[in-house]
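Biologist: I am new to this structure and would like to learn how to read it feature by feature. Could we look at it together before we begin?

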Amino acid sequence: MISNAKTVTVLYFAAIRDQTGKDAEQRRTSAPDAAALYAEVAREYGLQLPQSRLRAAINHCFCPWSQSVAEGDTVAFIPPVAGG
């Protein structure tokens, strides 16, 4: 069993959505912050985008990667997008 585990909603956009094949998922995690959660997701899905190229948002607000993740949070990983 995962100690300090919590359930969060993870939202995926653009290239990350393409790589995971999902728009969103409920995830049980013990990741303490956004960076650790992204590392967990990246390992599981083999994501190619480095964290340095992404923005993280928790509960619909951009945040630093060191922002804590709590039970019930919605966490989004947002890659750069091209416009035109």
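Modeller: Let us begin with the order of the elements, which from the N terminus on run β-α-β-α-β-β-β. The secondary structure comes to two helices and five strands, where helices (H or I, at least four residues) and strands (E, at least two) are DSSP runs, numbered from the N terminus. This is a predicted model, in which local features need pLDDT of at least 70 and side-chain atom pairs count only at pLDDT 80 or more, while totals for chains, interfaces and linings use all residues. Residues are numbered from 1 along each chain as its sequence is written, and side-chain values use heavy atoms, with hydrogens and water left out.

Biologist: What is the radius of gyration of the protein, and what does the globule rule give for 84 residues?

Modeller: The radius of gyration is taken over C-alpha atoms, and the globule rule is 2.2 Å times the number of residues to the power 0.38. Here the radius of gyration is 12 Å, close to the 12 Å that the rule gives for 84 residues, so the protein is as compact as a globular protein of that length. Along its principal axes, the C-alpha trace spans about 45 × 25 × 20 Å.

Biologist: In what order do the strands of the sheet stand?

Modeller: As a general idea, strands of a sheet pair through backbone hydrogen bonds, either parallel or antiparallel. Two strands are counted as paired if DSSP finds at least two bridges between them. In this model five strands form an open sheet in the order β2-β1-β5-β3-β4, with mixed pairing. The edges are held by β2 and β4 (61-63), each with a single partner strand, so one side of each is left without a neighbour in the sheet. Neighbouring strands of this sheet are turned by 35 degrees against each other on average, direction ignored; for such angles, axes are lines fitted to C-alpha atoms, for helices over the stretch in contact, and angles run from 0 to 180 degrees between N-to-C directions.

Biologist: Which strands pair with β1, and in which sense?

Modeller: Strand β1 (residues 6-12) is joined by six bridges to β2 (residues 24-29), and these two run antiparallel. Val8 stands opposite Arg27 in β2. With β5 (residues 74-78), β1 pairs in the parallel sense over four bridges, and here Val10 stands opposite Val75, while Tyr12 stands opposite Phe77. Strand β5 also pairs with β3, in the antiparallel sense and over four bridges; Phe77 is the bridge partner of Ala56, and Arg55 stands opposite Ile78.

Biologist: How many residues of β1 and of β5 are buried?

Modeller: Buried means under 20% relative accessible area, exposed over 50%, and partly exposed in between (1.4 Å probe, protein chains only). Five of the seven residues of β1 are buried, so this strand is largely enclosed by the rest of the structure. Four of the five residues of β5 are buried, so β5 too is largely enclosed. Over the protein, buried residues make up 42% of the 84 residues.

Biologist: Which residues of the largest nonpolar core touch the most other members?

Modeller: In soluble globular proteins, nonpolar side chains tend to be buried together. A nonpolar core is a set of buried Ala, Val, Leu, Ile, Met, Phe, Trp, Tyr and Cys residues joined through side-chain atoms within 4.5 Å. The largest core has 21 residues, of which Ile16, Leu37, Tyr38 and Phe77 touch the most other members. β1, α2 (34-45), β3 (55-58) and β5 each supply at least two residues of this core, and the largest share, six residues, comes from α2. Not counting residues up to four places away in sequence, Tyr38 touches Ile16, Leu47, Leu49, Gln51, Leu54, Trp65 and Phe77, where contact means heavy atoms within 4.5 Å.

Biologist: Is Glu40 buried or exposed?

Modeller: Glu40, placed in helix α2, counts as buried at 19% relative accessibility. Leaving aside neighbours within four places in sequence, Glu40 is in contact with Arg27, Arg28, Thr29, Ser30 and Ala31. The C-alpha atoms of Glu40 and Ser30, 10 residues apart along the chain, are separated by 9.7 Å.
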